[in-house]
Amino acid sequence: MGTNAKSMASTSIIDGLEKKRKIEDEWRSIYSAKQPLNRQDFPPHFTFGVATAAFQVEGASREDGRGLSIWDAFTLVPGKICDGSNADIAVDQYHRYKEDIELIAKLGFKAYRFSISWSRIFPDGLGTKINPEGKRHYNNVINALIDKDIQPYVTLYHWDLPLNLFESMGGWVNEEIVKYFAVYAETCFSSFGDRVKNWITINEPLQTAVNGYCTGVYAPGRREHSSGEPYLVAHHQLLAHAEAVSIYNKKYKDKQGGQIGLVVDCEWSEALSDRVEDRNAAARRLDFQLGWYLDPIYYGDYPKSMQEKLGDFLPKFSERDKELLKNSVDFIGLNHYTARFVRHAADNPEHNDFYRVQEAERIAEWEGGETIGEKAGSSWLYMVPWGVRKLLNYISLRYNNPPIYITENGMDDEDDGMSPLDEMLDDKLRVSYYKGYLAAVHQAIRDGADVRGYFAWSLLDNFEWQLGYTKRFGIIYVDYKNGLERHPKSSAYWFLRFLKAEEDKNDKLDY
Ligand code: GBH
């Protein structure tokens, strides 16, 4: 870097700090005017729920005919999971679903977002023979929820691809997968759709594309063709989503009266300065996280910035694909945790894929230690409540005010095994995270965003993918050393008060 470039970069960083402080000041004044919020401040039909995913909570990995998934195989590869753990037992929700549902009800949540394990329904993924035990299990879960007046929000795919579909055909790189996903999805609609009115096809296709097929941090751990495979994988996930939705709309929707959507994940990207190249970099990052999936759905093709940067690596949609994809969601599910400032960085020939070039553009920490927000347990997660307001407004503007559910939001604590239980249960930082983010969601609704629901991630501490059990995202603590006992944290009691304020201010969790 020449001297010139260097001094430009440092001015840009100083601008960034000023900008950050200004945004924070503005947010602080809105935030303090809003506290304390409670459920009544949100629209009456707004849904409050909690979320989990099958692989992270179920366990019972080899019971009742379940087939293995790519994550079962991945956890066996030495070095992939930081504490060497696996999810064979996880937090045993497969056997404890009644107790967990009881807790959800007691806390006052009216919805539970969980995912179905594809390989419990079709052990080899091929869709030829349904596993009756798998179907029975989810029937039990759904019935138990409805009994307690909790609406199931069901994700069909939260990363646990049947292993056979990877081993026999490469998983998501192969377009054939679309038809297997369609058979699985239809089986779920016809088996459970009389009671499930809220469907999500795929959770965070971005993560399967980039971490599954570029960095290799997630199953199936592919890195070999990182400049091409992620884009194929994303493409096929979009087509699978569209196919499933088209089946639902044609054959089930009228009869069953439900809605169906896609869950995308996105950080907020704030340009570090008003310089054009920084603004472009921030906009481009949003394209590469969100536009990648939502532009084909709302505008029929990938964002221009992706087409320009990726050329032939970006697959093309046929006219039929475009037709199927067009408006193929009733709502957008948004998983959102954190934000970054973004500063333009020149393409670096050392980075062999565009994903890494963009990672180099993100800024969360300044020299001297100031951060974009308070740090959570995971290295990527900083508390930046104003980011969710900006992101919701951005989505509303760009996609013409679609219905949005926040399908995940939350933060984690590090578990170093040293802190006493009392301390782990009194999760003050998590309470302030939820207060801040809910206030920002509330503000976005006032700004005009059509936000319909909010799900806290997560109901329980659970298997946090490559980080194993070292990070705890739950509002309920799980005691891994003592029979997986559940203990509500302060944040769970906070939600109870928030949700039930109108019913009984002194309601206590009898647990
Ligand atoms: C969600 O993804 C998942 O849907 C959920 O299953 C998970 O438990 C939750 O996050 C909490 O992590 O380790 O630096 O490579 C949110 C988006 C994308 C955030 C991948 C963490 C890993 C970054 N996630 N990212 S790194």
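Trainee: Which residue in strand 8 does W268 stand opposite?

Mentor: This is a predicted model, in which local features need pLDDT of at least 70 and side-chain atom pairs count only at pLDDT 80 or more, while totals for chains, interfaces and linings use all residues. Residues are numbered from 1 along each chain as its sequence is written, and side-chain values use heavy atoms, with hydrogens and water left out. Strands here are DSSP runs of E with at least two residues, and helices are runs of H or I with at least four, both numbered from the N terminus. In strand 8, the residue opposite W268 is A339.

Trainee: How many bridges join strand 6 to strand 8?

Mentor: Two strands count as paired if DSSP finds at least two bridges between them. Strand 6 and strand 8 (residues 339-342) run parallel, and A271 stands opposite V342. The number of bridges joining strand 6 to strand 8 is 4.

Trainee: Which strands stand at the edges of the open sheet?

Mentor: The sheet has 3 strands in the order 6-8-9, with mixed pairing. An edge strand here has a single partner, so one side of it is left without a neighbour in the sheet. That describes strand 6 (268-271) and strand 9 (362-363).

Trainee: Which residues of strand 6 point the other way from W268 and E270?

Mentor: In a regular strand the side chains alternate between the two faces of the sheet. W268 and E270 point one way, and all four residues in this strand's two sets are buried, meaning under 20% relative accessible area, where over 50% is exposed and in between is partly exposed (1.4 Å probe, protein chains only). Pointing the other way are S269 and A271.

Trainee: Why is C266 in no disulfide with C214, and how far apart are the sulfurs?

Mentor: A disulfide is taken as a pair of cysteine sulfur atoms within 2.5 Å, and the whole structure holds 0 of them. C214 is buried at 1% relative accessible area, and C266 is buried at 3%. The closest cysteine sulfur to that of C266 is in C214, and no bond forms because the separation is too far, at 17 Å.

Trainee: How many residues apart are F55 and W465, which form an aromatic pair?

Mentor: Rings of Phe, Tyr and Trp (its six-membered ring) pair if their centres lie within 6.5 Å; planes under 30 degrees apart are stacked, over 60 edge-to-face and the rest tilted. F55 and W465 are stacked, at 5.9 Å centre to centre and 10° between the planes. F55 is buried at 3% relative accessible area, as is W465 at 3%. The pair links helix 2 (residues 54-57) to the loop between strand 14 (451-457) and strand 15 (471-472), and the sequence separation is 410 residues.

Trainee: Which helix gives the largest share of the largest nonpolar core?

Mentor: A nonpolar core is a set of buried Ala, Val, Leu, Ile, Met, Phe, Trp, Tyr and Cys residues joined through side-chain atoms within 4.5 Å. The largest has 163 residues, of which W71, W172, F181 and F495 touch the most other members. The largest share is 12 residues, and these come from helix 10 (residues 229-256).

Trainee: What pLDDT does the chain average?

Mentor: pLDDT is the predictor's confidence in each residue, from 0 to 100. At least 70 is scored by 95% of the residues. The chain average is 95.
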